[in-house]
Amino acid sequence: MQADAAIDILTSVVPQAAPLGATPVTKGIFSIGWRVHTTDGDYLVKINEDSRAADDFLGARRATRTALAHGVPVPRLLGSGSDGDGHAFLVQEWIDGTDAEDHFAARDGRERRRVLERLGAVLARLHDIPYTADGPTSIHDTVETKIRRYAARAAKLQIFTPSDLDRLVDKLLELITEVLPSMSPRLTHLDVHLPNVLVDTSGDVWLLDMDFARPGDPVEDFVKLDWWCFADDTERAAFHTAYAAHRTHPTPPRDFEAGLHLHKIITALSYVALFAEKEPQAVAEWKQRLSDERRSAARLLGEAVE
(Lines give C-alpha, C1' and ligand atoms only; values in the text may rest on other atoms or scores of the structure.)
Protein backbone atom coordinates (compact mmCIF):
# COMPACT_ATOMS: atom_id res chain seq x y z
CA MET A 1 0.00 0.00 0.00
CA GLN A 2 1.59 3.28 -1.14
CA ALA A 3 1.61 6.64 0.59
CA ASP A 4 0.03 8.19 -2.49
CA ALA A 5 -3.12 6.13 -1.93
CA ALA A 6 -3.45 7.44 1.65
CA ILE A 7 -2.98 11.02 0.45
CA ASP A 8 -5.60 10.58 -2.27
CA ILE A 9 -8.07 9.20 0.26
CA LEU A 10 -7.48 12.10 2.64
CA THR A 11 -8.05 14.73 -0.03
CA SER A 12 -11.26 13.01 -1.12
CA VAL A 13 -12.58 13.33 2.45
CA VAL A 14 -10.94 16.65 3.41
CA PRO A 15 -10.67 18.55 0.09
CA GLN A 16 -9.16 21.63 1.71
CA ALA A 17 -6.20 19.65 3.09
CA ALA A 18 -2.78 20.45 1.57
CA PRO A 19 -0.76 17.23 2.03
CA LEU A 20 2.97 17.30 2.68
CA GLY A 21 3.55 13.55 2.81
CA ALA A 22 2.57 10.34 4.58
CA THR A 23 4.27 8.00 7.05
CA PRO A 24 3.21 4.40 7.80
CA VAL A 25 2.30 4.04 11.48
CA THR A 26 0.49 0.72 11.89
CA LYS A 27 0.16 -2.57 10.06
CA GLY A 28 -2.19 -5.07 11.62
CA ILE A 29 -4.16 -8.10 10.59
CA PHE A 30 -6.94 -5.93 9.25
CA SER A 31 -5.65 -2.51 8.23
CA ILE A 32 -2.61 -0.43 7.35
CA GLY A 33 -2.47 2.99 8.98
CA TRP A 34 -0.86 6.13 7.56
CA ARG A 35 -0.13 9.42 9.26
CA VAL A 36 -0.77 12.01 6.57
CA HIS A 37 0.94 15.33 7.17
CA THR A 38 -0.69 18.54 5.92
CA THR A 39 -0.12 22.25 6.29
CA ASP A 40 -3.00 22.39 8.79
CA GLY A 41 -2.06 19.35 10.88
CA ASP A 42 -2.00 15.57 10.65
CA TYR A 43 -4.63 12.90 10.00
CA LEU A 44 -4.78 9.13 10.34
CA VAL A 45 -5.86 7.20 7.26
CA LYS A 46 -6.63 3.50 7.70
CA ILE A 47 -6.85 1.27 4.62
CA ASN A 48 -8.16 -2.29 4.51
CA GLU A 49 -7.78 -4.31 1.30
CA ASP A 50 -11.02 -6.14 2.08
CA SER A 51 -13.86 -4.00 0.74
CA ARG A 52 -16.24 -5.63 3.25
CA ALA A 53 -14.48 -3.65 5.98
CA ALA A 54 -16.35 -0.57 4.74
CA ASP A 55 -19.33 -1.80 6.77
CA ASP A 56 -17.13 -2.05 9.89
CA PHE A 57 -15.84 1.46 9.32
CA LEU A 58 -19.38 2.77 8.88
CA GLY A 59 -20.31 1.12 12.19
CA ALA A 60 -17.25 2.74 13.76
CA ARG A 61 -18.46 6.16 12.59
CA ARG A 62 -21.89 5.65 14.16
CA ALA A 63 -20.38 4.40 17.42
CA THR A 64 -17.86 7.25 17.51
CA ARG A 65 -20.54 9.91 17.01
CA THR A 66 -22.51 8.40 19.87
CA ALA A 67 -19.46 8.20 22.15
CA LEU A 68 -18.47 11.81 21.44
CA ALA A 69 -22.01 13.00 22.12
CA HIS A 70 -21.70 11.49 25.62
CA GLY A 71 -18.26 12.98 26.32
CA VAL A 72 -16.15 9.86 25.76
CA PRO A 73 -12.60 10.82 24.67
CA VAL A 74 -12.23 9.24 21.22
CA PRO A 75 -10.77 10.81 18.05
CA ARG A 76 -13.28 12.23 15.57
CA LEU A 77 -13.86 10.14 12.46
CA LEU A 78 -14.11 12.36 9.41
CA GLY A 79 -15.14 9.90 6.72
CA SER A 80 -15.08 6.34 5.43
CA GLY A 81 -15.91 4.39 2.30
CA SER A 82 -14.24 2.46 -0.54
CA ASP A 83 -11.66 3.76 -3.00
CA GLY A 84 -11.40 3.06 -6.71
CA ASP A 85 -9.38 -0.12 -6.08
CA GLY A 86 -12.03 -1.64 -3.82
CA HIS A 87 -10.14 -0.92 -0.59
CA ALA A 88 -12.10 0.18 2.46
CA PHE A 89 -10.82 3.29 4.19
CA LEU A 90 -11.39 5.45 7.27
CA VAL A 91 -10.08 8.95 8.01
CA GLN A 92 -9.78 10.35 11.53
CA GLU A 93 -8.20 13.26 13.32
CA TRP A 94 -4.67 12.73 14.62
CA ILE A 95 -4.11 12.99 18.38
CA ASP A 96 -0.51 13.49 19.52
CA GLY A 97 0.54 11.05 22.21
CA THR A 98 1.81 7.55 22.90
CA ASP A 99 -0.08 4.29 23.06
CA ALA A 100 -0.30 2.91 26.59
CA GLU A 101 1.93 -0.07 25.82
CA ASP A 102 4.86 2.19 24.89
CA HIS A 103 3.94 4.68 27.60
CA PHE A 104 4.11 1.99 30.28
CA ALA A 105 7.52 0.80 29.08
CA ALA A 106 9.08 4.07 30.20
CA ARG A 107 7.04 4.69 33.38
CA ASP A 108 6.89 3.38 36.94
CA GLY A 109 4.07 1.50 38.65
CA ARG A 110 2.42 4.66 39.98
CA GLU A 111 1.96 6.04 36.48
CA ARG A 112 0.66 2.70 35.24
CA ARG A 113 -2.01 2.73 37.94
CA ARG A 114 -2.94 6.34 37.14
CA VAL A 115 -3.48 5.52 33.47
CA LEU A 116 -5.43 2.35 34.29
CA GLU A 117 -7.66 4.29 36.68
CA ARG A 118 -8.30 6.89 33.98
CA LEU A 119 -9.05 4.10 31.52
CA GLY A 120 -11.54 2.67 34.02
CA ALA A 121 -13.29 6.05 34.17
CA VAL A 122 -13.35 6.34 30.36
CA LEU A 123 -14.81 2.86 29.89
CA ALA A 124 -17.40 3.53 32.59
CA ARG A 125 -18.62 6.53 30.62
CA LEU A 126 -18.72 4.46 27.41
CA HIS A 127 -20.63 1.63 29.10
CA ASP A 128 -23.22 4.00 30.53
CA ILE A 129 -24.50 4.56 26.98
CA PRO A 130 -27.48 2.37 25.97
CA TYR A 131 -26.83 1.34 22.37
CA THR A 132 -28.73 -0.89 19.99
CA ALA A 133 -27.86 0.57 16.53
CA ASP A 134 -30.86 -1.19 14.97
CA GLY A 135 -29.61 -4.52 16.28
CA PRO A 136 -30.60 -6.88 19.11
CA THR A 137 -32.33 -5.19 22.03
CA SER A 138 -30.91 -7.33 24.85
CA ILE A 139 -27.45 -8.42 25.92
CA HIS A 140 -28.58 -12.03 25.72
CA ASP A 141 -29.46 -11.59 22.04
CA THR A 142 -26.23 -9.77 21.14
CA VAL A 143 -24.08 -12.49 22.72
CA GLU A 144 -26.09 -15.33 21.17
CA THR A 145 -25.72 -13.73 17.75
CA LYS A 146 -21.94 -13.56 18.17
CA ILE A 147 -21.67 -17.18 19.33
CA ARG A 148 -23.64 -18.42 16.35
CA ARG A 149 -21.62 -16.27 13.91
CA TYR A 150 -18.26 -17.45 15.25
CA ALA A 151 -19.42 -21.07 15.32
CA ALA A 152 -20.63 -20.87 11.72
CA ARG A 153 -17.25 -19.51 10.64
CA ALA A 154 -15.41 -22.23 12.55
CA ALA A 155 -17.67 -24.91 11.05
CA LYS A 156 -17.05 -23.61 7.53
CA LEU A 157 -13.29 -23.77 8.11
CA GLN A 158 -13.59 -27.26 9.65
CA ILE A 159 -11.46 -26.27 12.64
CA PHE A 160 -13.26 -28.61 15.09
CA THR A 161 -15.17 -31.84 14.77
CA PRO A 162 -18.89 -31.09 14.32
CA SER A 163 -19.79 -32.86 17.57
CA ASP A 164 -17.23 -30.92 19.64
CA LEU A 165 -18.29 -27.60 18.15
CA ASP A 166 -21.99 -28.36 18.68
CA ARG A 167 -21.34 -29.35 22.29
CA LEU A 168 -19.40 -26.14 22.96
CA VAL A 169 -22.04 -23.94 21.34
CA ASP A 170 -24.87 -25.61 23.25
CA LYS A 171 -23.07 -25.01 26.55
CA LEU A 172 -22.30 -21.38 25.73
CA LEU A 173 -25.91 -20.69 24.78
CA GLU A 174 -27.06 -22.34 28.00
CA LEU A 175 -24.74 -20.12 30.03
CA ILE A 176 -25.99 -16.86 28.51
CA THR A 177 -29.11 -16.71 30.63
CA GLU A 178 -27.34 -18.14 33.68
CA VAL A 179 -24.49 -15.65 34.02
CA LEU A 180 -25.35 -12.56 31.93
CA PRO A 181 -27.73 -9.83 33.11
CA SER A 182 -31.06 -9.18 31.48
CA MET A 183 -30.59 -5.62 30.22
CA SER A 184 -30.29 -3.60 27.04
CA PRO A 185 -26.91 -3.58 25.29
CA ARG A 186 -24.39 -0.87 26.05
CA LEU A 187 -21.86 0.72 23.72
CA THR A 188 -18.81 -1.53 23.88
CA HIS A 189 -15.41 -1.05 22.24
CA LEU A 190 -14.65 -4.79 21.81
CA ASP A 191 -10.89 -4.35 21.29
CA VAL A 192 -9.62 -2.72 24.47
CA HIS A 193 -5.94 -3.43 25.04
CA LEU A 194 -2.93 -1.19 25.58
CA PRO A 195 -2.12 -0.42 21.90
CA ASN A 196 -5.69 0.93 21.54
CA VAL A 197 -5.35 3.28 24.51
CA LEU A 198 -3.64 6.62 23.92
CA VAL A 199 -1.97 8.79 26.55
CA ASP A 200 -1.82 12.28 25.01
CA THR A 201 0.81 14.92 25.62
CA SER A 202 -1.22 16.27 28.57
CA GLY A 203 -1.50 12.85 30.21
CA ASP A 204 -5.18 12.38 29.33
CA VAL A 205 -6.41 8.96 28.23
CA TRP A 206 -8.23 8.30 24.94
CA LEU A 207 -9.78 5.21 23.39
CA LEU A 208 -8.51 4.46 19.89
CA ASP A 209 -9.64 2.12 17.12
CA MET A 210 -13.42 2.04 17.40
CA ASP A 211 -13.61 -0.19 14.29
CA PHE A 212 -15.45 -2.97 16.11
CA ALA A 213 -17.46 -0.89 18.60
CA ARG A 214 -20.95 -2.33 18.74
CA PRO A 215 -23.87 -3.00 21.12
CA GLY A 216 -22.86 -5.59 23.71
CA ASP A 217 -22.17 -6.60 27.29
CA PRO A 218 -19.70 -4.22 29.00
CA VAL A 219 -17.78 -7.16 30.46
CA GLU A 220 -16.67 -8.08 26.94
CA ASP A 221 -14.34 -5.08 27.11
CA PHE A 222 -12.46 -6.56 30.07
CA VAL A 223 -11.33 -9.77 28.31
CA LYS A 224 -8.18 -8.47 26.62
CA LEU A 225 -7.37 -6.25 29.58
CA ASP A 226 -7.38 -9.35 31.76
CA TRP A 227 -5.30 -11.33 29.28
CA TRP A 228 -2.61 -8.80 28.46
CA CYS A 229 -2.76 -5.49 30.31
CA PHE A 230 -2.55 -5.92 34.09
CA ALA A 231 0.89 -6.56 35.54
CA ASP A 232 -0.59 -7.84 38.82
CA ASP A 233 -3.75 -8.01 40.92
CA THR A 234 -3.11 -4.53 42.32
CA GLU A 235 -3.38 -2.99 38.85
CA ARG A 236 -6.48 -5.04 38.11
CA ALA A 237 -8.10 -3.87 41.36
CA ALA A 238 -7.20 -0.21 40.69
CA PHE A 239 -8.81 -0.35 37.26
CA HIS A 240 -12.02 -2.04 38.44
CA THR A 241 -12.35 0.24 41.49
CA ALA A 242 -12.14 3.33 39.28
CA TYR A 243 -14.54 1.81 36.77
CA ALA A 244 -17.15 1.03 39.43
CA ALA A 245 -16.80 4.49 40.97
CA HIS A 246 -17.56 6.19 37.65
CA ARG A 247 -20.51 4.09 36.46
CA THR A 248 -23.56 6.32 36.92
CA HIS A 249 -26.30 3.98 35.70
CA PRO A 250 -27.09 1.00 37.92
CA THR A 251 -26.59 -2.46 36.47
CA PRO A 252 -28.40 -5.66 37.51
CA PRO A 253 -26.65 -7.94 40.00
CA ARG A 254 -24.37 -10.40 38.27
CA ASP A 255 -21.53 -12.87 38.83
CA PHE A 256 -18.82 -10.76 37.24
CA GLU A 257 -16.11 -13.43 37.14
CA ALA A 258 -18.47 -15.99 35.61
CA GLY A 259 -19.47 -13.52 32.90
CA LEU A 260 -15.83 -12.66 32.23
CA HIS A 261 -14.95 -16.33 31.83
CA LEU A 262 -17.83 -16.83 29.43
CA HIS A 263 -16.67 -13.92 27.29
CA LYS A 264 -13.09 -15.19 27.33
CA ILE A 265 -14.28 -18.49 25.84
CA ILE A 266 -16.35 -16.68 23.18
CA THR A 267 -13.46 -14.35 22.30
CA ALA A 268 -11.01 -17.25 22.04
CA LEU A 269 -13.44 -19.06 19.73
CA SER A 270 -13.65 -15.95 17.52
CA TYR A 271 -9.85 -15.72 17.35
CA VAL A 272 -9.49 -19.36 16.36
CA ALA A 273 -11.75 -18.70 13.36
CA LEU A 274 -10.09 -15.34 12.62
CA PHE A 275 -6.55 -16.68 12.56
CA ALA A 276 -7.58 -19.73 10.54
CA GLU A 277 -8.38 -17.24 7.78
CA LYS A 278 -5.68 -14.60 8.36
CA GLU A 279 -2.67 -16.28 10.00
CA PRO A 280 -3.01 -20.10 10.01
CA GLN A 281 0.27 -20.52 11.91
CA ALA A 282 -1.40 -18.96 14.98
CA VAL A 283 -4.41 -21.31 15.08
CA ALA A 284 -2.76 -23.84 17.40
CA GLU A 285 -1.99 -21.10 19.94
CA TRP A 286 -5.60 -19.91 19.98
CA LYS A 287 -7.04 -23.41 20.13
CA GLN A 288 -4.88 -23.93 23.22
CA ARG A 289 -6.13 -20.64 24.66
CA LEU A 290 -9.72 -21.78 24.06
CA SER A 291 -9.02 -25.09 25.78
CA ASP A 292 -7.39 -23.32 28.74
CA GLU A 293 -10.33 -20.92 29.12
CA ARG A 294 -12.80 -23.81 29.04
CA ARG A 295 -10.91 -25.57 31.82
CA SER A 296 -10.65 -22.39 33.85
CA ALA A 297 -14.36 -21.71 33.50
CA ALA A 298 -15.20 -25.29 34.40
CA ARG A 299 -13.44 -24.84 37.76
CA LEU A 300 -15.44 -21.68 38.40
CA LEU A 301 -18.81 -22.84 37.08
CA GLY A 302 -18.77 -26.50 37.97
CA GLU A 303 -18.96 -28.62 34.82
CA ALA A 304 -20.85 -26.01 32.82
CA VAL A 305 -18.50 -25.84 29.86
CA GLU A 306 -16.74 -29.19 29.74
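Trainee: Is T38 buried or exposed in this predicted model, and what does its side chain reach?

Mentor: A residue is called buried when its relative accessible area is under 20%, and T38, with a relative accessible area of 6%, is therefore buried. T38 is found in strand β2, which spans residues 32-38. Its side chain reaches the backbone nitrogen of D40 at 3.1 Å, and the side chain of T38 also reaches the backbone oxygen of G41 at 2.5 Å.

Trainee: Where are the buried residues of helix α1 placed around the axis?

Mentor: An α-helix has 3.6 residues a turn, so residues three or four places apart point the same way. In α1, which covers residues 3-13, the buried residues are A3, A6, I7, I9 and L10. Because these residues cover an arc of only 160° around the axis, they lie on the same side of α1. On the face turned away from that buried side, α1 carries the exposed residues D4 and D8.

Trainee: Why can strand β5 be described as largely enclosed, and which residues lie on each of its sides?

Mentor: The reasoning rests on burial along the strand: 6 of the 6 residues of β5, residues 88-93, are buried, so β5 is largely enclosed by the rest of the structure. Both faces are covered, with A88, L90 and Q92 buried on one side and F89, V91 and E93 buried on the other.

Trainee: Which strands are joined to β5, and by how many bridges?

Mentor: Strand β3, residues 41-48, is joined to β5 by 6 bridges, and the two run antiparallel; within this pairing, I47 has F89 as its bridge partner. Strand β4, residues 77-82, also runs antiparallel to β5, with 5 bridges joining them, and here L77 has Q92 as its bridge partner. β4 and β5 form a hairpin with 5 residues between them, and in the turn G86 has a positive phi of about 85°.

Trainee: How many cavities of 30 Å³ or more are found, and which residues line the largest cavity?

Mentor: Rolling a probe the size of a water molecule over the atoms shows where empty space is left. A search of the whole structure finds 1 cavity of 30 Å³ or more, and the largest cavity has a volume of about 50 Å³. Its lining consists of T64, V74, P75, L77, Q92, L207, L208, D209 and M210, which by class gives 6 nonpolar, 2 polar and 1 charged residues. L77 and Q92, both in this lining, are the bridge partners named above for β4 and β5.

Note on methods: Residues numbered from 1 in each chain as written. Predicted model: local features only at pLDDT ≥ 70, side-chain atom pairs only at ≥ 80, totals over all residues. Heavy atoms only, no water. Buried < 20%, exposed > 50% of the residue type's maximum accessible area, 1.4 Å probe, protein only. Helix = DSSP H or I, 4+ residues; strand = E, 2+ residues; numbered from the N terminus. Pairing = 2+ DSSP bridges. 1 Å grid on protein atoms, 1.4 Å probe; cavity = no way out; pocket = protein on both sides within 12 Å on 5 of 7 lines; lining within 4 Å. Points joined across faces, edges and corners; volume = space filled by probe spheres on them. Nonpolar A, V, L, I, M, F, W, Y, C, P; charged D, E, K, R; others polar. Arc of directions from axis to C-beta. Polar contact = N/O pair within 3.5 Å; in protein donor to acceptor, adjacent residues only side chain to side chain.
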